[in-house]
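Please open the structure in your viewer and keep the selection tool at hand, since this tour moves from one selection to the next and says what is to be found at each stop.

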Amino acid sequence: MNSPGAFAADTEPPYNPPLSLNGTASLMWRAGDDERVIRLTDGGYRQAGSAWSTQPVDLTESFETRFTAHLRSGKTGADGIAFVAQGQGPRALGGWGGGLGYRGIRNSVAVEFDIYQNQPDPSGNHLAVSFSGNPDRHSSAAESSIPLYGKPFQVRVRYDADNWRLQVHVRALTPGATEELMLDQEVSLSDRIGTTSGWIGFTGSTGHLTARQDIYEWTVATPQE
Ligand SMILES: [Ca+2]
């Protein structure tokens with residue numbers, strides 16, 4: 001398959017596919033090792049950033065993606081991040097604040113990790129799947145079992161293209177923490193996005209509250225089974 005073959009295998013760290021960065025997104029390196037960090041927002045107000053795979057991926061194929069997210073600043077922060085598949089292109093960037101950096105990217109499917117409760121949100125610590133660049137309408141949503149703000153957490157998103165299932169798991173990085181299934185969404189990415197190939201990556205935003213929002217250890221692979 002030619003996708004996610006655009007990405008290096010899980011087993012070859014450091015994992016560095018070329019990225020397209022927009023808005024406030026930047027790349028940096030974690031001190032002391034060669035792990036790359038995608039910083040979507042850097043602690044300023046009213047920011048929006050996005051980072052995409054430079055090459056489109058085949059959305060008709062199953063994939064599994066893993067990453068670690070660390071959203072933090074002071075006592076309270078905003079607004080959160082999203083893992084997004086979209087058909088607009090490697091320059092796509094949406095709105096700040098409650099837009100999570102993907103509002104307005106119309107041909108998209110977003111998995112949001114939302115740390116600030118806007119009017120339509122169930123809480124200030126939830127996950128949700130939203131279509132068509134509209135964070136005000138969740139196709140599915142769940143209160144997170146772990147805090148999304150303050151401490152790093154691991155995410156595993158598995159897309160089953162044969163059965164149209166998108167499953168989102170989270171796990172705290174504390175010793176002994178177990179992975180929990182948060183969202184199990186029926187969706188055909190290629191049908192929703194309206195194209196058989198698209199770009200995957202991350203968006204993030206801040207508003208009247210802010211945060212530094214980092215993604216690292218991002219891998220994309222073909223599911224094992
Ligand atoms: Ca929100």
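Begin by selecting aspartate 214, which is buried, with a relative accessible area of 4%. Before going further, bear in mind that this is a predicted model, so everything described on this tour belongs to a prediction.

**First stop: a pair across the sequence**

Keep aspartate 214 selected and add arginine 39, for these two residues form a salt bridge in which the closest N and O atoms are 2.7 Å apart. Arginine 39 lies in strand β3 (residues 36–42) and aspartate 214 in strand β15 (residues 212–221), so the pair ties together parts that are 175 residues apart in sequence. Arginine 39 is buried too, with a relative accessible area of 15%, which is under the 20% that sets the limit for a buried residue. Side chains of opposite charge can pair when their charged atoms come close. In this model the count of such salt bridges comes to 8, and the next stop shows another of them.

**Second stop: a pair between loops**

Now select arginine 103 and aspartate 136, whose side chains meet in a salt bridge of 2.9 Å, taken from N to O. Arginine 103 lies in the loop between β7 (80–86) and β8 (108–114), while aspartate 136 lies in the loop between β9 (126–131) and β10 (140–143), so the pair ties together parts that are 33 residues apart in sequence. Are these two side chains buried, or partly exposed? Arginine 103 counts as partly exposed at 33% relative accessibility, and aspartate 136 counts as partly exposed at 41%.

**Third stop: a network of charges**

Select glutamate 179 together with arginine 156, which form a salt bridge with their closest N and O atoms 2.8 Å apart. This pair links distant parts of the chain, with glutamate 179 in the loop between β12 (165–172) and β13 (180–186) and arginine 156 in strand β11 (residues 153–160), 23 residues apart. Glutamate 179 counts as partly exposed at 35% relative accessibility, whereas arginine 156 is buried, with a relative accessible area of 15%. If you then add Glu64, Arg66 and Arg158 to the selection, you will have the network of salt bridges that links these three with Arg156 and Glu179.

**Fourth stop: strand β11 and its partners**

Extend the selection to the whole of β11, where 6 of the 8 residues are buried, so that the strand is largely enclosed by the rest of the structure. Which strands pair with β11? One partner is strand β6 (residues 63–72), which pairs with β11 in the antiparallel sense over 7 bridges, and here arginine 66 stands opposite arginine 156. Another partner is β12, which runs antiparallel to β11 and is joined to it by 8 bridges, with arginine 158 standing opposite glutamine 167 in β12. Follow the chain from β11 into β12 and you pass through a hairpin with 4 residues between the strands, in which tryptophan 164 takes a positive phi near 55°.

**Fifth stop: the largest pocket**

Stay in this region and show the largest pocket, which holds about 190 Å³ of space. Of the 13 residues that line the largest pocket, the closest to its centre are Arg66, Phe67, Gln154, Val155 and Arg156. The strands β6, β11, β12 and β15 each supply at least two residues of this lining, and by class the lining has 3 nonpolar, 4 polar and 6 charged residues.

**Sixth stop: a closed cavity**

Next, look for the second largest cavity, which holds about 40 Å³ of space, by selecting Phe63, Phe83, Ala85, Val109, Ala110, Val111, Leu166 and Leu189, the residues that line it. The largest share of this lining, 3 residues, comes from β8, and by class the lining divides into 8 nonpolar, no polar and no charged residues.

**Last stop: the calcium ion**

Finally, select the calcium ion, and ask which residues coordinate it. Asp114 does so with two entries for its OD atoms, Tyr116 with O, Asn118 with OD1 and Asp121 with OD, at 2.3 to 2.5 Å. Along the chain these donors follow the spacing D-x1-Y-x1-N-x2-D. Aspartate 114 counts as buried at 2% relative accessibility, whereas tyrosine 116 is partly exposed, with a relative accessible area of 34%.

Methods: Residues are numbered from 1 along each chain as its sequence is written. This is a predicted model: local features need pLDDT of at least 70, side-chain atom pairs count only at pLDDT 80 or more; totals for chains, interfaces and linings use all residues. Side-chain values use heavy atoms; hydrogens and water are left out. A salt bridge is a side-chain nitrogen of Lys or Arg within 4 Å of a carboxyl oxygen of Asp or Glu. Buried means under 20% relative accessible area, exposed over 50%, partly exposed in between (1.4 Å probe, protein chains only). Two strands pair if DSSP finds at least two bridges between them. Donors are N, O and S atoms within 2.8 Å of the metal (3.2 Å for Na, K and Ca); water is not among the atoms, so sites may look incomplete. On a 1 Å grid over the protein atoms alone, a cavity is a set of points where a 1.4 Å probe fits but cannot get out, and a pocket is an open set with protein on both sides within 12 Å along at least five of seven lines; lining residues have an atom within 4 Å of a point. Grid points are joined across faces, edges and corners, and a volume is the space filled by probe spheres set on the points. Ala, Val, Leu, Ile, Met, Phe, Trp, Tyr, Cys and Pro count as nonpolar, Asp, Glu, Lys and Arg as charged, and the others, Gly among them, as polar.
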